[in-house]
Amino acid sequence: MRVVRLASEIDFAGWRLAARALRSLQAAPDDVIWTVDGEGDLFGDEATPPQAGPPAFTVPKGFLDLAQEVALHRSGERFTLLYRLLWRLGRQPELLGLASDPDVARARDMAKAVSRASHKMKAFVRFRLVEDAAEETYVAWFEPAHRVTEATAPFFQRRFTNMCWSILTPDVCAHWDREKLTFSSGADPADAPGEDALEEYWRTYYASIFNPARLKTAAMQREMPKRYWRNLPEARLIPELVATAEARAEEMVRQQPSEPTRRVVRQAQRLSRDGSFEEGAPATLEEVTAGADFCRRCELWRDATQAVAGDGPGRARLMLVGEQPGDQEDLAGKPFVGPAGRVLDEALEAAGAPRAQIYVTNAVKHFRHELHGKRRIHKTPTAGHVSACRWWLDAERRIVQPRVIVALGATAALGVFGKAMAVGQSRGQALQLPDQAQGVVTYHPSFLLRMPDAQAKSEVYAAFVEDLKFAWKLAS
Ligand code: URA
């Protein structure tokens, strides 16, 4: 029997080194015990370290990706399972394609759980200001379902580059001082700072962007499990929000996004940029919402909190397409909920077009921005971003089948029509689109927000309302 002692619970590099040597030595999986004690040699006293040499075998690339995720699972069997898979791959190189094989199925389930845990961490970590720190410092306490802190920390580094922060978890703590990402040993829950002004701010903000879909208790517990609630300042708002939003919640419960299927994730991550309609494209809006979050067709996912897909009825006569989510949309996960959304809502009301009956989305699903100090400043997406993201917009168009699609501004027009258009010259008229829908171009609400001259602004606003009225009539 050989005993392998790895340097830490997530020592994938150590596992890989040992597993490679063991397989070269023909050590059967049942003859190997994998342990972790955080210290000591890779091979315990009972074992003779195998000679390290070049591997006499290769494994499919998919195996290493899978193994890296599985290694972060909390299950005590993870390293044994991985070595068994590695061993079996020697005799069955196609093994990973056998979805019904118990080892393969277990490893895939574990990898999925790890990826979900990382996703939850990105969504539910809440930083609190540390009051007496010498430098403005933010701290969050989080208990990830699996050991994903080190792997997920670079996301926070990119997302909060200009902040000094620490994420404390029982496994390990991650620290960013605006220059270096470091890790220290796990923390006690008592180390997490208490309530403060930031929390109050967050609560106010959360209430203002509150989305009643979150009130679907079962979905909420699935998506935002109770174990995370006590660390979420907004959680205490929930009873009150539940009481005031029951009716709307009913409607939104039906629209709750589901986990993306593996097929959609695979498609979402494919680097195809040709914009063609690919086999395996999402077939439902739930798949669009869940799948877009995994999209890697361009680089914008890196700095965004999440993808923001469209919102509205699954079949709508009218679809409005904006440019890209803004700062508030990026945080809320819904399109047009910030200042531009308020202009849009007002104009829709003036046009007699009820937003609840309209599908609202964007040409680009991730927030492109630049950091100016602590502020995230909108940056117009390029034609390349629009083209990469058209895959999602096309899926929404195909599923919703609107009679009329309104492009709000030039970037949206590029996404909808596939070519550059001058808004001032093309606005306010019906233009034929290839998918049977009619297209209408109009101003983007943010254009109005930026206009300094009151007279010009009121003229553009009136034209904007007229265009929306025209589109709504055309769709009716
Ligand atoms: N601007 C857009 O184009 N879309 C949004 O969702 C918000 C602001």
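Let me start with what I mean by a cavity: on a 1 Å grid over the protein atoms alone, it's a set of points where a 1.4 Å probe fits but cannot get out. Grid points are joined across faces, edges and corners, and a volume is the space filled by probe spheres set on the points.

Quick caveat: this is a predicted model, so to speak of local features we need pLDDT of at least 70, side-chain atom pairs count only at pLDDT 80 or more, and totals for chains, interfaces and linings use all residues. Residues are numbered from 1 along each chain as its sequence is written, and side-chain values use heavy atoms, with hydrogens and water left out.

OK, the cavities. We get 3 of 30 Å³ or more, and the largest has a volume of about 60 Å³. Its lining, meaning residues with an atom within 4 Å of a point, includes Cys-295, Cys-298, His-366, His-385 and Cys-389.

Now the ligand. Which residues surround it? Among them are Glu-323, Pro-325, Phe-336, Asn-362 and His-444, where near means a heavy atom within 4 Å.

Three polar contacts next, that is, N or O pairs within 3.5 Å. The side chain of Asn-362 puts a polar atom 2.7 Å from a ligand nitrogen. A ligand oxygen sits 2.9 Å from a polar backbone atom of Phe-336, and a ligand oxygen is 2.7 Å from a side-chain N or O of His-444. The protein covers 94% of the 230 Å² of accessible area that the ligand has on its own (Shrake-Rupley method, 1.4 Å probe).

Last, aromatic pairs: ring centres of Phe, Tyr or Trp (its six-membered ring) within 6.5 Å. The structure holds 12.

Conventions: A polar contact is a pair of N or O atoms within 3.5 Å; within protein, one must be able to donate a hydrogen and the other to accept it, and residues adjacent in sequence count only if both atoms are side-chain atoms. On a 1 Å grid over the protein atoms alone, a cavity is a set of points where a 1.4 Å probe fits but cannot get out, and a pocket is an open set with protein on both sides within 12 Å along at least five of seven lines; lining residues have an atom within 4 Å of a point. Rings of Phe, Tyr and Trp (its six-membered ring) pair if their centres lie within 6.5 Å; planes under 30 degrees apart count as stacked, over 60 as edge-to-face and the rest as tilted.
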